[in-house]
Amino acid sequence: MAAKEGKALKTTSRTVERTKSGIPGLDSLMNGGIPKGNLVVLSGDPGSGKTVMCWQFLNEGAVNQGENGVYISLEETIDSIIFGASEFGWDFKKLLEDGKLKIIAIELYDFERLKNTVEDTIKSVDAKRVVIDPGVIFKLFFDRELDARKRIVSLGKMLKRIGCTTIITNEIALDKTVSLYGLEEYVADGVILLYHTKIKNRFIRSIGVLKMRNTQIAEQLKPIKITENGIIVLTKGQLYEDVN
Ligand SMILES: Nc1ncnc2c1ncn2[C@@H]1O[C@H](COP(=O)(O)OP(=O)(O)OP(=O)(O)O)[C@@H](O)[C@H]1O
Ligand SMILES: [Mg+2]
């Protein structure tokens, strides 16, 4: 019995199943990927690439990993999401037709109804990946921050119970790490940061894994580039070429 318990607690990369992010170079910063079933907050300043990374994560799951996805968005219409993803070569129209992806473009209605819609939609496509972008939408449902906090934490718990690997994006100001209603403290298993870092007289986009449960993480910010095929993590040499 004791040996069994010991085994269950083991958390090396050999025992933890991991979700491939689809971003070249990112998984190696976190032991091979996001542990399956983890809830990750993706924080970044405006235009840092949060939405692109979420689309890439969903595309990777549906196209290459046999993991269907659900994308919950407030800011954009389904058509504009399909168009935006197509710019990177990701065919969301086909994924929607094939039942490998569902998009919920949220209208502001009752929060409990939203939570139920999310749960039903996940079940309807047997989704393994979920994205809520941006997480700040929850603020719009509630007058008081305490209510927003309670509800987003309860939604996070529901998503973890279902066992989906979830990314919730969080908008932060440059050089600040503001919590998403305490989600990071209470429910999130991981926090990934996207940053504009100032080097010489220009901004360099970069990424870092701040926290990831059951995972050994690289404690460095790595430069990234948004290419016509999506986000890639650059090597040192590539950064040098890029800056000079
Ligand atoms: N087709 C493309 N090819 C290369 N880069 C692109 C392309 N489309 C968008 N970008 C870059 O991606 C950036 C936008 O990224 P994204 O929308 O993912 O940011 P975000 O963090 O979600 O921003 P926000 O906080 O406004 O939601 C733009 O600033 C632009 O430079
Ligand atoms: Mg965005």
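In the predicted model, V131 makes contacts beyond its neighbours within four places in sequence with C54, F57, L58, Y71, I72 and I167. V131 belongs, together with V40, L58, Y71 and V130, to the residues with the most contacts inside the largest nonpolar core, which has 53 residues. Helix α2 supplies the largest share of this core, namely 7 residues.

The same helix also figures in the surroundings of the ligand: α2, which runs over residues 50-65, contributes 3 residues to the shell around ligand 1, the largest share. This shell holds 13 residues, of which G47, K50, T51, V52 and I226 come nearest to the ligand. By character, the residues of the shell around ligand 1 divide into 4 nonpolar, 5 polar and 4 charged.

Helix α7, comprising the 18 residues 145-162, has its end C-alpha atoms 26 Å apart, which agrees with the span of 26 Å that should result at 1.5 Å a residue. Within α7, the buried residues are A148, R149, I152, L155, G156 and L159. Because these residues cover an arc of only 135° around the axis, they are placed on the same side of α7. On the other side of α7, by contrast, L146 and R161 are exposed. The helix is followed by G163, for which phi is positive, near 90°.

Key:
Residues numbered from 1 in each chain as written. Chains lettered and ligands numbered in written order. Predicted model: local features only at pLDDT ≥ 70, side-chain atom pairs only at ≥ 80, totals over all residues. Near = placed C-beta within 6 Å. Helix = DSSP H or I, 4+ residues; strand = E, 2+ residues; numbered from the N terminus. Nonpolar A, V, L, I, M, F, W, Y, C, P; charged D, E, K, R; others polar. Core = buried A, V, L, I, M, F, W, Y, C linked by C-beta atoms within 7 Å. Buried ≥ 20, exposed ≤ 12 C-beta atoms within 10 Å, placed from the backbone. Contact = placed C-beta atoms within 7 Å. Expected span 1.5 Å × (residues − 1). Arc of directions from axis to C-beta.
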